[in-house]
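Q: Could you take a close look at the surroundings of the ligand in this model and walk me through them? I would also like to hear about any annotated positions.

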Amino acid sequence: MPMATPSRAIDSTGYIVAVEDFRDEEYPMLRGSIYLDHAGTTPYSKSLMDRFAQDMTSNLFGNPHSASASSQRSTLRIEDIRLRVLQFFSADPEDFDVVFVPNTTAGIKLVTEAMRALPGRFDYAYHQLSHTSLVGVREEARNSVCLDSDQIEGWIAGRSPFEDDSDKGSILFAYPAQSNMDGRRLPLTWAKQLRTCETAGTKNTYTLLDAAAYVCSSPLDLSCVETAPDFTVLSFYKVFGFPDLGALIVRREAEEVFASRKYFGGGTIDMAVCLKEQWHAPKSQFLHERLEDGTLPIHSIIALDAALDVHSQLFGSMADVANHTSFLARRLYDGLLSLRHGNGEPVCIIYSSDPDAKTGLGNGPVVAFNIRNSLGAWLSLAEFEKLATLKQFHIRTGGLCNPGGIASALGLEPWEMKQNFTSGFRCGTDNDIMSGKPTGVIRASLGVMSTVSDVDSFVDFVREFYRDELLLPSINPEPILHTRYDSTAFYVQAISVYPIKSCGGFQVPAGVDWEVRPEGLAWDREWCLVHRGSGQALSQKRHPQMALIRPSLDFGRGELRVTYAGHVPRHLPTEITVPLSKNPTVFQAPTTFRSMSSRVCGEEIMAQTYASSDINDFFSGVLGVPCVLARFPPGGQGKSMRHSKAHLQRHQQITTPEKLLPTIPGAFPVAAEAPPSPPDSDSEKVRGGRILLSNESPILAINTASLESLNKEIVARGGKKVSPAVFRANVVVAPSSSGKPYQEDSWSSLRIGDRHDFRMLGSCRRCHMVCINQETAQKSEEPFVTLSKTRRFDGKVFFGTHMCYSSPTVGAGDEKMLMLTKEMQYPTIRLGDSVKPT
Ligand SMILES: *Cc1c(COP(=O)(O)O)cnc(C)c1O
């Protein structure tokens, strides 16, 4: 059996991630043993880095093009490695040349640039499974067509895909050897067939093969020059993890394409004349000499030598790698395919083809799929990713840079994609189910470092979290919704504000009346830290150590004092202070403030940034992130103002128990979700009005009865209780006697103290940020994992409730006028206040 895995890696198309020992008898053996320690290094990456380091420390490599020994050494090594690259693909240097490029995309652009410079430009045909980098070529072409495999076969059989086939220009045909979206493989014979077929043969038709995905786990054999594509592009970092380098392999017969290329860079010419006359002589011996503009990435090329050595020593040939990965792909495909809900419906809808189907060319070691619940509703990719990330699976989701592949797999029409775009869908947003259809896929891809236990634990993960066992509402043990107007009394147990967004909280002491404003509790999320370069507001999700930044409000001195509960570098003070006064520019030089455009939760805002280097150096120093402190005071207009986004969730709107669908572990969407209302569409009154820098709403409350119930579940699963602090609530309410959990789901308003009413704005949707221990900044799996099993509705995870102060202003048409009281003018809450759901 495979050994226990310290980490689980399942997307190996990027960097080296991986695991365990290969002494497993069950599947084709790879030579050598690879291991991942917690730092993420493997014997492979360690050997590779050691080999490279040794090369770098024992040799001096100069810039090529001079006569010095160091320069000559570089030149010779590069030429040797160029040959090794050709040998790796069984290509004869008589027939092929290698041009080093930064990556696959750069190789594609080089070919495009040459085609564009041809007299009469060029027509372009590309396969619908093309990567975005191939799709973009069409913008440079005179005409372009996107073809499926049948249309390409038709072309080979004599039916030109271009409408006007009369003129004799050049054609570029591009396709991926393997789709990066679902791993589907396409015939490697197309280059030859097109070159020799009648329709294309009359024109200069060139084939560009995108081998980037294919070569990661398969040998590419260019030994037959007749069948080889004219141009082959790939990225070495996808094969070896390192170095960041790519190649364009050119079939020499097609070199003529580059003859019209206009630009020349340093190193590509023998002579250039500039004064009085303009003339230059391109280097003539090798194509690569003419195409490699400027200084080569010498050290990356030298690292490639080490990668080729170490990879083959540890893993053997690419054929061995192919055996290993296709064995695992079979297991992953079968594993996901076999998952069925209790009612027999499949859990995974798989887009990849059978890895070794009798017909077709099979599939690379990639499984692209989506998940449905037992009633057929799709799982949101964003939600899947939150949990997969927590469980340390390196998974990619979304459109995967493959627009045609996604559209055909998901049946998305161009108008639908455009409609989704105009309704706010972008790569990487949370609303990824639109009009009842997914907008992307989940891709699990395997590489040389993947193991049987990676695959098994991934399949187990999908089973554990996404398979619905039973779906009968009648057997639902305890409905989570209760009759409204429950008589349980509550009280305010704790009040916290978070003066700096995403940093530690400030506990309101007992006996203090704390002001409640329309935007939330006074001093809550009025400041934030903003990345100096991107303007992005920093968040604990990316920087958990922000929990250790502890602001406290000192009204006696009119200061916000900030300390850091982790290691403070020696050159920094242990505490800094920021004046609380609304507009310190009145008291200080105006240059202390600068208005800066930044982004909070994807929304563009204008904030006032501090210029003080004492303040900014402190935050940058303790976090190790270049950032500045910014303030977003209440009362702003335009981009200095934000609105609440919270709204009632579907599970809160269901009132009859018969409609209570899955509340059991593993359950999720009961139906297609209602379209999200665009931000700011409703009146401020309905939506909860203005907010400062909080994510969604003015005030967040949690109920300790719900937390207790959650903690019981966590403990029952063998986990440790979590503190209320992880939910970063403003108000913690507790039942006066024992209370049922999750009553807050059905509250519509609360009266706190004698007079103040709060309107509930809907449950709070959670992400894995709740897994950060606010004392230590350490991450764990809980409570998100248990919440995913017990508090998932419509595929989303909820805990706590949003609310806002409901000011006693009179609605239109209301005749009664209220006399303003002291309490209305300055509403406050304090610890121990009674809380009555109304
Ligand atoms: C990754 C990939 C690309 C792009 O490669 P870069 O290294 O990002 O330029 C193109 N095509 C396919 C099939 C890929 O997998």
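A: Happy to help; here is a tour of the ligand site, followed by the annotated residues and the chain as a whole. Please keep in mind that this is a predicted model.

Let's start with the shell. The residues surrounding the ligand are Asn103, Thr104, Thr105, His131, Gln178, Asn180, Asp210, Ala212, Ala213, Ser235, Tyr237 and Lys238. Sorted by class, this shell holds 7 polar, 3 nonpolar and 2 charged residues.

Some side chains in the shell make polar contacts with the ligand. A ligand oxygen sits 2.5 Å from a side-chain N or O atom of Thr105. For Asp210, the partner is a nitrogen atom of the ligand, with 2.5 Å between that nitrogen and an N or O atom of the Asp210 side chain. Tyr237 has a side-chain N or O atom 2.6 Å from an oxygen of the ligand. As for cover, the ligand on its own has 390 Å² of accessible area, and the protein covers 88% of that. Two elements, helix H3 (104-117) and helix H8 (236-240), each give two or more residues to the shell.

Helix H8 brings us to an annotated position. Lys238 is found in this helix, and Lys238 also belongs to the shell around the ligand. An unreviewed UniProt entry gives Lys238 the annotation "modified residue: N6-(pyridoxal phosphate)lysine". Lys238 counts as partly exposed because its relative accessibility is 21%, and the buried class ends under 20%.

The other annotated position is Cys401, where the unreviewed UniProt entry places the feature "active site". Cys401 lies in a loop, with strand S12 (396-398) on one side and helix H13 (403-410) on the other. Its relative accessible area is 36%, so Cys401 is partly exposed. Leaving aside residues up to four places away in sequence, Cys401 touches Ser130, His131, Thr132, Asn180 and Arg396. Among these contacts of Cys401 are His131 and Asn180, and both His131 and Asn180 are also listed around the ligand.

Finally, a step back to the whole chain. The chain has 838 residues, 53% of them buried, and its secondary structure comprises 21 helices and 36 strands. Of the contacts between residues at least 6 apart in sequence, 72% join residues at least 24 apart. The chain exposes about 36600 Å², with carbon and sulfur atoms supplying 53% of that area.

Key
Residues are numbered from 1 along each chain as its sequence is written. This is a predicted model: local features need pLDDT of at least 70, side-chain atom pairs count only at pLDDT 80 or more; totals for chains, interfaces and linings use all residues. Side-chain values use heavy atoms; hydrogens and water are left out. A residue is near a molecule or strand if one of its heavy atoms lies within 4 Å of it. A polar contact is a pair of N or O atoms within 3.5 Å; within protein, one must be able to donate a hydrogen and the other to accept it, and residues adjacent in sequence count only if both atoms are side-chain atoms. Accessible areas come from the Shrake-Rupley method with a 1.4 Å probe; for residues, only the protein chains shown count as cover. Helices (H or I, at least four residues) and strands (E, at least two) are DSSP runs, numbered from the N terminus. Ala, Val, Leu, Ile, Met, Phe, Trp, Tyr, Cys and Pro count as nonpolar, Asp, Glu, Lys and Arg as charged, and the others, Gly among them, as polar. UniProt positions are given in the numbering used here, feature names are shortened, and annotations may be inferred rather than shown by experiment. Buried means under 20% relative accessible area, exposed over 50%, partly exposed in between (1.4 Å probe, protein chains only). Contact means heavy atoms within 4.5 Å.
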